[in-house]
Amino acid sequence: MVGHLEKSLLTLFALSTLAYVECFTDDEIPNEWMLLHVVQGQILGGNYSYLRLNHEGRIILKMKSLKGDADIYVSSSILSPTFDEYELQSTTCGLDVLIVPDHFSRPVGIGIYGHPFYLESEFELKVYYDRTIREDPFAEASYDPEHLEASNKPQKQAPQDASQEEESMLRTILIGILKIVLEILF
């Protein structure tokens with residue numbers, strides 16, 4: 001159940017970022033993205049070609065099917081992901097885009113699959129590094145002995161904390177609804 005939920009959440013993450021990424025053409029790549037590699041290849045229908053990603057950080061994979069239809073599967077747990085065993089996937093006709101989060105353990109396995117409807121597929125995969133600095137959402141909760149001593153002293157709860165609790169409860173409810181919808185869909 002946890003694995004299914006994890007895949008659903010990763011798929012949701014990929015879909016939400018896909019809307020952001022798909023609006024860029026090759027000429028409109030954000031300045032924060034640095035091109036690392038361009039891989040061109042051919043793959044027979046029903047076969048896989050495997051690549052390994054060792055670069056740390058947030059990585060964007062943009063693959064264009066030049067002929068036929070190639071799909072992309074990504075995993076941080078195995079080096080030869082398939083359509084049965086993966087963590088991220090993009091299986092569109094044409095442009096496939098995936099964002100490999102920086103928390104994925106390296107090396108990351110990338111599987112390029114040639115759709116069996118076509119005898120052969122040609123693809124071009126561009127690998128970008130996102131240089132955007134992201135704040136750590138857990139930095140506040142990190143262990144700091146000095147902060148811990150100061151927080152042990154009794155303090156009055158500010159009215160602002162009540163609104164934050166309401167926001168937190170609303171997020172929890174929305175995430176619960178989203179989980180139910182994802183379970184129904186997948």
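This note goes through the predicted model point by point, from overall make-up to single residues.

1. **Basis.** The model is predicted: local features need pLDDT of at least 70, side-chain atom pairs count only at pLDDT 80 or more, and totals for chains, interfaces and linings use all residues. Residues are numbered from 1 along each chain as its sequence is written, and side-chain values use heavy atoms, with hydrogens and water left out.

2. **Make-up.** The protein has 3 helices and 8 strands. Helices here are DSSP runs of H or I with at least four residues, strands are runs of E with at least two, and both are numbered from the N terminus. Read from the N terminus, the order is α-β-β-β-β-β-β-β-β-α-α.

3. **Burial and surface.** Of the 186 residues, 31% are buried. Buried means under 20% relative accessible area, exposed means over 50%, and partly exposed lies in between (1.4 Å probe, protein chains only). The protein exposes about 12,300 Å², and carbon and sulfur atoms supply 56% of that area. Areas come from the Shrake-Rupley method with a 1.4 Å probe; for residues, only the protein chains shown count as cover.

4. **Contact range.** Contact means heavy atoms within 4.5 Å. Take the contacts between residues at least 6 apart in sequence: 81% of them join residues at least 24 apart.

5. **The open sheet.** Four strands form an open sheet, in the order β2-β7-β4-β5, with antiparallel pairing. Strands β2 (48-53) and β5 (88-90) stand at the edges with a single partner strand each, so one side of each has no neighbour in the sheet. Neighbouring strands are turned by 20 degrees against each other on average, direction ignored. For such angles, axes are lines fitted to C-alpha atoms, for helices over the stretch in contact, and angles run from 0 to 180 degrees between N-to-C directions. Two strands pair if DSSP finds at least two bridges between them.

6. **β4 against β7.** Strand β4 (residues 70-75) and strand β7 (residues 108-114) run antiparallel and share 6 bridges. Tyr73 stands opposite Gly111 in β7.

7. **Ile112.** This residue lies in strand β7. Ile112 is buried, at 0% relative accessible area. Beyond four places in sequence, its contacts include Ile43, Leu51, Met63, Ile72 and Phe123. Polar residues on the contact list include Asn47, Ser49 and Asp71. Ile112 and Tyr50 are 62 residues apart in sequence, yet their C-alpha atoms are 6.2 Å apart.

8. **Strand β8.** Of the 11 residues of β8, 8 are buried, so the strand is largely enclosed by the rest of the structure. Strand β1 (residues 33-44) runs antiparallel to β8 and joins it through 11 bridges. There, Gln42 has Glu122 as its bridge partner. Strand β3 also runs antiparallel to β8, with 8 bridges. Lys64 is matched with Glu124 in β8.

9. **Salt bridge at Asp130.** The structure holds 2 salt bridges. The term means a side-chain nitrogen of Lys or Arg within 4 Å of a carboxyl oxygen of Asp or Glu. In one of them, Asp130 pairs with Arg58, with the closest N and O atoms 2.5 Å apart. Asp130 is in strand β8 (residues 120-130) and Arg58 in the loop between β2 and β3 (59-67), 72 residues apart. Asp130 is buried, with a relative accessible area of 4%. Arg58 counts as buried too, at 14%.

10. **Salt bridge at Glu120.** Glu120 pairs with Lys67, with the closest N and O atoms 3.5 Å apart. Glu120 lies in β8 and Lys67 in β3, so the pair ties together parts 53 residues apart in sequence. Glu120 is partly exposed, at 25% relative accessible area. Lys67 is partly exposed as well, at 41%.

11. **Ser76.** Ser76 sits in the loop between β4 and β5. This loop residue is buried, with a relative accessible area of 17%. Outside four places in sequence, Ser76 touches Glu87, Phe104, Ser105 and Pro107.

12. **Nonpolar patch.** Met169, Leu170, Ile173, Leu174, Ile177, Val181, Leu185 and Phe186 form a nonpolar surface patch, with about 820 Å² of accessible area together. Patch residues have over 30% relative accessible area and no salt bridge; like charges are joined within 9 Å, nonpolar side chains (Val, Leu, Ile, Met, Phe, Trp, Tyr) within 5 Å. Leu170 is placed in helix α3 (residues 159-185).
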